Amino acid sequence: MSRALQENPKPQRLMELLDEATKESAAVKSLHELRELKSRFLGKKGELSRLLASLKDLQPEAKKDFGAKLNETRRALENLFQVAESRLESEALEKQLRESDLDASAPGVFFPPAQPHPIREVMEEAISILERAGLQAIYGPEVEFEDYCFDRLNFQKDHAARDMQATFFVKSAGDRSLILRTHTSPVQVRALLKLAKAEKRLPIRIQAPGRVYRVDDDATHAPMFHQIEGLVVDTQSGMPELRATLDYFFRKFFGEKTKIRFRPSYFPFTEPSAEVDASCVFCQGLGCKVCKQSGWLELAGAGLVHPNVFQACGWNPEEVQGWAFGMGIERLAMLKLKIPDLRSFFENRLSFLRGRVR
Ligand code: PHE
């Protein structure tokens with residue numbers, strides 16, 4: 001055969017091959033048959049390979065010419081078998097669909113889009129309102145020095161105030177002891193310590209959102225919860241600005257009709273100190289079950305930064321004034337989203353997280 005081709009390569013034969021393959025590939029019934037067909041036409045022992053091997057016996061001109069034709073034929077055959085394979089696959093799929101119980105016309109399963117956890121949502125809103133009041137958000141660690149959480153905030157060593165916040169202890173190491181922070185106020189200490197040495201120190205206008213931990217667990221207390229803290233320090237900055245800022249915050253958060261009031265209170269790190277109430281968001285101050293008929297909801301602690309705190313953090317209390325406040329995010333969220341039980345925030349029921357059951 002190769003002798004014959006030497007003088008006379010047969011382009012005609014290639015056409016015939018292609019014709020045969022076209023007919024046969026249109027008739028194959030299975031992938032198995034197709035595989036056999038492929039190897040018959042394209043395999044090592046196939047006719048195309050034999051023709052390819054015979055190329056070496058041709059004159060250069062004829063070799064180039066016939067070689068090109070061979071390549072063309074190979075590509076056409078490959079194409080043909082590819083088409084046949086797709087046909088077989090879709091036939092198989094159709095058969096499978098026909099024979100199974102699958103109802104391809106049934107409506108799809110709806111996956112609701114993800115959405116932020118309600119605590120995250122409320123936290124973001126609180127942060128954004130305080131940003132508009134000019135407080136820049138900063139973050140401190142949740143595992144904190146006991147010293148920053150209590151001592152430098154003017155909690156006396158054996159003072160009962162320490163028991164106000166039942167503490168998780170992490171590592172006992174003298175004045176470097178570590179605890180889980182019980183409030184976000186140690187971020188005040190961190191900011192003051194850092195800026196005491198800075199070149200341009202004033203004003204300080206920060207907020208500190210984050211997780212806090214206390215040994216506590218019932219319908220209104222969780223061992224982990226969230227707070228947001230505000231701190232402003234300047235040469236002159238006091239009660240009027242504190243009050244105006246909280247007034248702005250609660251109006252933006254609960255609605256323009258919201259009023260606030262300050263009641264005298266005690267925190268070791270502020271003097272004077274106040275509990276901040278907002279008019280009840282359920283009854284607009286008329287009195288209801290939620291506010292226990294008082295018309296007011298207790299929502300924040302606040303006050304003027306205690307001179308001892310300035311001193312403990314490297315500042316001269318004669319030269320600066322400041323104010324601070326702190327509040328619990330869960331409480332804000334419960335009131336805003338009308339969630340009766342604090343524990344629903346941590347149970348992660350999908351119906352709750354998707355906002356269907358509150
Ligand atoms: N840290 C206080 C608490 O957790 C709240 C507070 C912050 C009070 C700042 C006054 C000033 O209860």
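In which loop is the place of Pro 203? In this predicted model, Pro 203 is located in the loop that connects α8 (186-196) with β5 (204-213). The peptide bond leading from Leu 202 into Pro 203 is cis, and its omega angle is near -5 degrees. A cis peptide bond also joins Glu 271 and Pro 272, where omega is about -5 degrees. Pro 272 belongs to a strand, namely β8, which comprises residues 270-279. Backbone geometry of this kind deserves mention because most peptide bonds are trans.

A further backbone feature concerns Asn 154. The phi angle of Asn 154 is near 70 degrees, which is a positive value in a residue other than glycine. In general, most residues other than glycine have a negative phi. Asn 154 is placed in the loop between α7 (146-149) and β3 (169-171).

At the level of the whole chain, the domain assignment gives domain 1, covering residues 3-99, and domain 2, covering residues 118-356. The C-alpha centres of domain 1 and domain 2 are 79 Å apart.

The ligand was examined next. The space that the ligand takes up is the largest pocket. Three elements each give two or more residues to the shell around the ligand: β6 (224-234), β9 (296-305) and β10 (321-328). Of the elements, β10 gives the most to this shell, with 3 residues.

There are 15 residues around the ligand, and those that come nearest are His 183, Ser 185, Arg 214, Gln 227 and Gly 326. By residue class, the shell consists of 5 nonpolar, 8 polar and 2 charged residues.

Polar contacts to the ligand were found for several side chains. In the case of Ser 185, an N or O atom of the side chain is 3.0 Å from a nitrogen atom of the ligand. For Arg 214, the partner is an oxygen atom of the ligand, which lies 3.0 Å from a polar atom of the side chain. Gln 227 likewise places a polar side-chain atom 3.0 Å from an oxygen atom of the ligand. When the ligand is taken alone, 330 Å² of its surface is exposed, and the protein buries 92% of that area.

Terms used:
Residues numbered from 1 in each chain as written. Predicted model: local features only at pLDDT ≥ 70, side-chain atom pairs only at ≥ 80, totals over all residues. Heavy atoms only, no water. Near = heavy atom within 4 Å. Polar contact = N/O pair within 3.5 Å; in protein donor to acceptor, adjacent residues only side chain to side chain. Areas by Shrake-Rupley, 256 points an atom, 1.4 Å probe, with all protein chains shown as cover. 1 Å grid on protein atoms, 1.4 Å probe; cavity = no way out; pocket = protein on both sides within 12 Å on 5 of 7 lines; lining within 4 Å. Sits in = over half its atoms within 2 Å of the grid points. Helix = DSSP H or I, 4+ residues; strand = E, 2+ residues; numbered from the N terminus. Nonpolar A, V, L, I, M, F, W, Y, C, P; charged D, E, K, R; others polar. Domains from an automatic or database assignment.
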